[in-house]
Amino acid sequence: MEIQLAIINPHHGVTVKDVPARDFIEAFARHLKKGNKIKMPEWAQYYKTACFKDLAPYDADWLYIRAASVAYQLYVRGKVGVNTLRKHYSSKQRNGTCTEHSRLTAGKCIRYCLMELERAGLVGKISFENEDGATTVNGKALTKKGTTDMDRIASQIAKELKKRQ
């Protein structure tokens, strides 16, 4: 593992890209829940995450996991919008004997996660100013605080993985 990290990251610091995504998302979701950075709304227990789903998620903390996954996608991709994330979390809708079609996931939970991450100071808006002076918002990206928090948690995970070996 030492040789691979030296090739990937010459600064010898552990980043989010150096640890397994599943481990990082679980740890970051615990961090968001423990720090009260995201408030669980009342509608979350009844909410289906997509139109092609039959039931709400079984896990009571699904919103923390989705917010951590959204933050991970922001880290990996740089900047994203809600529609890009809807495509990322999309899946096939099963139609019985008819052919399956791809369906986008619901945008409300993604928008809510982005708003809560922005309220916590981990995510910020990317705006672009035209020659006319009009500003347009191009999407969301991680702030410096968000990046450092995520890298800190990734380094903790790397230490735990190193201890297990």
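This passage walks through the fold of a single chain, from its overall make-up to a few of its contacts. The model is a predicted one.

To start with the whole chain, six helices and five strands are found in it. Reading from the N terminus, these elements come in the order α-α-α-β-α-β-β-α-β-β-α. Taken along the principal axes, the C-alpha atoms fill a box of roughly 50 × 50 × 35 Å. Of the 165 residues in the chain, 38% are buried. The accessible surface adds up to about 10,600 Å², and carbon and sulfur atoms account for 51% of that. As for how the chain comes together, take the contacts between residues at least 6 apart in sequence: 59% of these link residues at least 24 apart.

Next comes the sheet. Three strands make up an open sheet in the order 1-5-4, and the pairing is antiparallel. Strand 1 (79-80) and strand 4 (123-129) sit at the edges, each of them pairing on one side only. Strand 5 (residues 135-142) runs antiparallel to strand 4, and seven bridges hold the two together. To pick out one residue pair, G124 has A141 in strand 5 as its bridge partner. Helix 3 packs on this sheet and touches strand 1, strand 4 and strand 5. The direction of helix 3 makes about 105 degrees with that of strand 5.

Helix 3 has a helical neighbour to deal with as well. In general, a pair of packed helices is described by the angle between their axes and the distance between the axes. For helix 3 (residues 62-77) and helix 6 (residues 144-164), the axes come within 11 Å and cross at roughly 105 degrees. Helix 3 is therefore roughly perpendicular to helix 6, as angles of 65 to 115 degrees count as such. On the helix 3 side, the residues that meet helix 6 are A71, Y72 and Y75, and their counterparts in helix 6 are T147, M150 and D151. Sorted by class, this contact between helix 3 and helix 6 has four nonpolar residues, one polar and one charged.

Finally, there is the stretch ahead of helix 3. A44 is found in the loop between helix 2 (21-34) and helix 3. Is A44 buried or exposed? With a relative accessible area of 2%, A44 is buried, because the cut-off for that is under 20%. A44 can also be placed relative to P57: the two are 13 residues apart in sequence, and their C-alpha atoms are 9.4 Å apart in space.

Key
Residues numbered from 1 in each chain as written. Predicted model: local features only at pLDDT ≥ 70, side-chain atom pairs only at ≥ 80, totals over all residues. Heavy atoms only, no water. Axes fitted to C-alpha atoms, helices over the stretch in contact; angles between N-to-C directions. Helix = DSSP H or I, 4+ residues; strand = E, 2+ residues; numbered from the N terminus. Parallel < 35°, antiparallel > 145°, perpendicular 65-115°, else oblique. Contact = heavy atoms within 4.5 Å. Nonpolar A, V, L, I, M, F, W, Y, C, P; charged D, E, K, R; others polar. Buried < 20%, exposed > 50% of the residue type's maximum accessible area, 1.4 Å probe, protein only. Pairing = 2+ DSSP bridges. Areas by Shrake-Rupley, 256 points an atom, 1.4 Å probe, with all protein chains shown as cover.
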